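Biologist: I'm new to this one. Can you show it to me and walk me through it?

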Amino acid sequence: MDPYQEGLALQRISVRRGVITTVALGLALTTVPAVADARDVSDTNAPVKVSLTVQGPDGLLFKGKIKTKGHDVTTATGGTHRCDGTNGGAHPTAVPTPTAALDDAARKRHFAWDGTWYASFDDYSVDTIKNVSGDGVAYWNISVNGASTPVGGCQFKLNAGDKVAFTWTAF
Ligand code: B12
């Protein structure tokens, strides 16, 4: 191989290496943000739109789509506390929650709700919505996408499109 051919061959190898390096770098650059994105998406407190239903003993008390995020709430009985999924250490950072969604609907549509604060759970028990309470025979059950939440309404994380229901449920 003459020096020219040898030079071309070396150039091709170095170009190929360059391509490989560029491809590898490209992959690395596209892979790292993808991982970061996944973490951001799961932990974000960006507002989400959910549908909210409040089903009382005598019919629907509220039904509508609500844009919501985790935030501090204030009730007459319980006072002001955070309600953003960090309650009880349930989530490391703030997220939207069912009780915060109820609070947003109440503020937007001008209806009242009340809840007792339990420091032991770092959460509210939602006792009254639109002046309807359990009266010792029922309670306000909280469900998301048809399943009763295993924790209180300030600890559960909501995702966009979730169906949140507060349902007056007899004991
Ligand atoms: C009985 C009971 C209820 C009864 C309480 C009323 C009654 N008639 O007794 C009812 C059916 C109302 C109830 C409801 C709920 N409950 Co409950 N309940 C219990 C249970 C089995 C015993 C509580 C008790 O009597 N303790 C003894 C008394 C002497 O102590 P106390 O502090 O005074 O008890 C009061 C509080 O526990 C409060 N309470 C009951 N449940 C809940 C839930 C939350 C989030 C809060 C803040 C307070 C609260 O009501 C009790 C009576 O006044 C516990 C399990 C347990 N081992 O503690 C679960 C328990 C407390 N409940 C739980 C849950 C998740 C709920 C609901 C959120 C379920 C739902 N998805 O709807 C709802 C509350 C919804 C709302 N409106 O905010 C979870 C709480 C977990 C958490 N980290 O948040 C527990 C620990 C069960 C579990 N999953 O392991 N509950």
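**A first look around**

Modeller: Sure. Let's start with one pair of residues: threonine 116 sits opposite serine 125, which belongs to β6. Keep in mind that this is a predicted model.

Biologist: Which strands pair there, and in what sense?

Modeller: That's β5, residues 113-118, with β6, residues 123-129. They pair in the antiparallel sense, over 6 bridges.

Biologist: And how many residues are between the strands of that hairpin?

Modeller: There are 4 residues between β5 and β6. Aspartate 122 in this hairpin has a positive phi, near 55°.

Biologist: OK, new topic. What's the strand order in the open sheet?

Modeller: The order is β2-β1-β10-β8-β9, so to speak from one side to the other, 5 strands with mixed pairing. At the edges you find β2 (59-68) and β9 (147-148), each pairing on one side only.

Biologist: Which helix packs on the sheet?

Modeller: Helix α2, residues 98-109. It touches β1, β2, β8 (138-144) and β10, and its direction makes about 100° with that of β2.

Biologist: How do β1 and β10 run, parallel or antiparallel?

Modeller: Parallel: 5 bridges join β1 (residues 48-56) to β10 (residues 163-170). Take serine 51, whose bridge partner in β10 is lysine 163.

Biologist: Back to α2. What's its reach, end to end?

Modeller: From first C-alpha to last, α2 covers 16 Å with its 12 residues, close to the 16 Å expected at 1.5 Å a residue. Its buried residues include Pro98, Leu102 and Asp104. After α2 comes histidine 110, with a positive phi near 60°.

Biologist: Now the ligand. How many residues surround it, and which are closest?

Modeller: There are 18 around the ligand, and the closest are Tyr118, Val126, Tyr139, Val151 and Gly152. β6 and β8 are the elements giving two or more residues to that shell.

Biologist: What kinds of residues make up the shell?

Modeller: It divides into 9 nonpolar, 8 polar and 1 charged.

Biologist: One last spot: where is histidine 81?

Modeller: In strand β4, residues 79-83. Leaving out residues up to four places away in sequence, histidine 81 touches Asp72, Val73 and Trp117. From histidine 81 to cysteine 154 is 73 residues in sequence, but 9.7 Å in space, C-alpha to C-alpha.

Biologist: Why does histidine 81 count as partly exposed?

Modeller: Because it has 18 C-beta neighbours inside 10 Å, and a residue needs 20 or more to be buried, or 12 or fewer to be exposed.

Technical notes. Residues numbered from 1 in each chain as written. Predicted model: local features only at pLDDT ≥ 70, side-chain atom pairs only at ≥ 80, totals over all residues. Pairing = 2+ DSSP bridges. Contact = placed C-beta atoms within 7 Å. Axes fitted to C-alpha atoms, helices over the stretch in contact; angles between N-to-C directions. Expected span 1.5 Å × (residues − 1). Near = placed C-beta within 6 Å. Nonpolar A, V, L, I, M, F, W, Y, C, P; charged D, E, K, R; others polar.
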